[in-house]
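Reader: Got a minute to walk me through this one? Start wherever you like and I'll butt in.

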Amino acid sequence: MFAINPVTGVIRVNAGGLDREKYPMYTLVVKAADLMGEGLTGEAKVILNVTDGNDNAPAFSQPSSATDQQVRILEFPKPAEGLRRRKREWVIPDISVIENDRGPYPLKVTRIRSNADRVKKIFYSITGEGADHPPIGLFTMDRNTGTLYVTRPLDREVKDRYMCQVHAVADGSGNAEAPMDIIVKVIDMNDNKPTFAQDIFLGEVAEATPIGFEVIKVVATDLDKPNTDNSDIRYWLISQEPALPSDLMFAINPVTGVIRVNAGGLDREKYPMYTLVVKAADRVGEGLTGEAKVILNVTDGNDNAPAFSQPSYEAAVDENKVNAQILTMSVTDGDEPYSPAWNARFKIVDGDPEGLFNVKTGSHKHEGIISTAKGLDFEKSSTHTLLVAVENEVPFATPLPTATATVVVTVQDVTETPGSDPVEKHVVKREALAVDTGHTQEVTSIPHSSFKFFGLH
């Protein structure tokens, strides 16, 4: 109905519909803020009485705390027959009282008037909530004038409206009016700051998390009237510790409170934890504020590949030995120790087509142990060159090169004594071998490759 010039403070009529018979008075709350509207604030009330005929400009009333404050006058509706109650032809408007008004008290709220006061003396009283029902004595009424007072500050968060009845009694002749129902409505003031659901929010974010990924949501509430500016909250981040590798690693949705990753560079090995300070403000971000902390632990994302401590190894093993441990290789990894992103897995990727060797991970998870799967034959091959690769138990979070190392295994010749040759010799005897002077018998033919002389007597 009204608008104010933000620079001059002039209030003007902004819409049609002024009707003294329906809405005889308007109460406006005006706020002034320095720093061009962004700084400290002060408030005042403007009470506009609508004059009859609408032929006079609205006039300011005196400050609300003045003892002779002007108030709206409500008249009893006229009954159809005597004192019988009937459906009213007009709706009695709510009586509005701003919560936490500074007074002084008792504070005038409104005045009730009976048309019968023109011909007889009328006495007024009030019953109902806040009068003769709890909280008793909150409202009082001047018996002679019908002026309604509130005796102490109201709190909308405790109760936002009171249902009462006003009575008018003629001196010496009983009721002059049917009881009139009134509602005292408590107008919300921004007297509650946003409160976070908890002082500290805990969350996790993995390395290599993509930009835009939602990490955690913070929630604040305001006890002021819902769906008004006094309870309309906005969020923003006011600090990030550490401010590395960027001071804008995270961003917050100002309406929902959802925190998301805002930049690349999350690295658990360098910055294992971030502490954010979040502020919430009501009045769409311009009012009272509250704060909370958000602690985000950066979890390992396997962004470091394991690496061999040396590029090549040499080892020796006796021929014919099975399950003989040949060599232990060690690796390093920058990821979190003993996590799947740190634990190593080894594999022979070249140089062993016959499956003569095995490689397994040691109990330390950073050692590769090479052993023989079969007995090696010096006469067949005296050296074997293996290519061993190492990876982690989980895939890399980002494309990384797979480390390899070369292992040269030298097979050592072993002098084989009778009964000690592990290689089984098969000799098929057709007929008994006989050696005699001048006489020979047929003997089995024995291949040269499987025959050795140990002496003949």
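**Charged pairs, odd backbone and a pocket**

Author: Let's start with Arg234, which is partly exposed at a relative accessible area of 22%. Partly exposed runs between buried (under 20%) and exposed (over 50%), using a 1.4 Å probe and protein chains only.

Reader: Before we go on, what kind of model is this?

Author: A predicted one, where local features need pLDDT of at least 70 and side-chain atom pairs need 80 or more, while totals for chains, interfaces and linings use all residues. Numbering starts from 1 along each chain as its sequence is written, and side-chain values use heavy atoms, with hydrogens and water left out.

Reader: OK, back to Arg234. Which side chain does Arg234 meet in a salt bridge?

Author: Asp232, at 2.7 Å from N to O. A salt bridge here puts a side-chain nitrogen of Lys or Arg within 4 Å of a carboxyl oxygen of Asp or Glu. Asp232 is partly exposed too, with a relative accessible area of 28%.

Reader: How many salt bridges turn up in the whole structure?

Author: The search finds 14. One of them links the side chains of Arg156 and Glu157, at 3.2 Å from N to O.

Reader: And that pair, is Arg156 buried or exposed?

Author: Arg156 is buried, with a relative accessible area of 12%. Its partner Glu157 is partly exposed, at 26%.

Reader: Got another pair for me?

Author: Sure. Asp318 and Lys321 join their side chains in a salt bridge of 3.5 Å, N to O. Asp318 is partly exposed at 25% relative accessible area, and Lys321 is partly exposed at 43%.

Reader: Which residues do shared salt-bridge partners join into one network?

Author: Glu75, Arg113 and Asp117.

Reader: Switching to backbone. Where do I find cis peptide bonds?

Author: One joins Tyr105 and Pro106, with omega about 0 degrees. Pro106 sits in the loop between β6 (95-98) and β7 (107-113). Another cis bond joins Glu241 to Pro242, again with omega about 0 degrees. Pro242 is in the loop that runs between β18 (234-241) and β19 (250-252).

Reader: How are you numbering those strands?

Author: From the N terminus, as DSSP runs: strands are E with at least two residues, and helices are H or I with at least four.

Reader: How many helices and strands does the protein come to?

Author: Two helices and 32 strands.

Reader: Any odd phi angles in the loops?

Author: Yes, take Asn227: its phi is positive, about 60 degrees, although it is not a glycine. You'll find Asn227 in the loop between β17 (220-221) and β18. Asn302 also has a positive phi without being a glycine, at about 50 degrees. That residue belongs to the loop between β22 (289-299) and β23 (307-308).

Reader: Is Asn227 buried or exposed? And Asn302, buried or exposed?

Author: Asn227 is exposed, with a relative accessible area of 82%. Asn302 counts as buried, at 2% relative accessibility.

Reader: What share of the protein is buried overall?

Author: Buried residues make up 36% of the 457 residues.

Reader: How much of the contact set comes from residues 24 or more positions apart?

Author: Among contacts with a separation of 6 or more, those pairs account for 63%. Contact means heavy atoms within 4.5 Å.

Reader: Can you zoom in on one residue for that?

Author: Try Glu379, in the loop between β28 (367-372) and β29 (383-392). Glu379 counts as exposed, with 56% relative accessibility. Leaving out residues up to four places away in sequence, Glu379 touches Glu319 and Asp413.

Reader: And how far is Glu379 from Val411?

Author: They are 32 residues apart in sequence and 9.3 Å apart in space, C-alpha to C-alpha.

Reader: Last topic: pockets. How many residues line the largest pocket?

Author: There are 39, and Thr27, Leu28, Val29, Val30 and Ile98 lie nearest its centre. Elements giving two or more residues to that lining are β1 (2-4), β3 (25-33), β4 (41-49), β6 and β7. A pocket is an open set of points on a 1 Å grid where a 1.4 Å probe fits, with protein on both sides within 12 Å along at least five of seven lines, and lining residues have an atom within 4 Å of a point.

Reader: Which element gives the largest share of that lining?

Author: β3, with nine residues.
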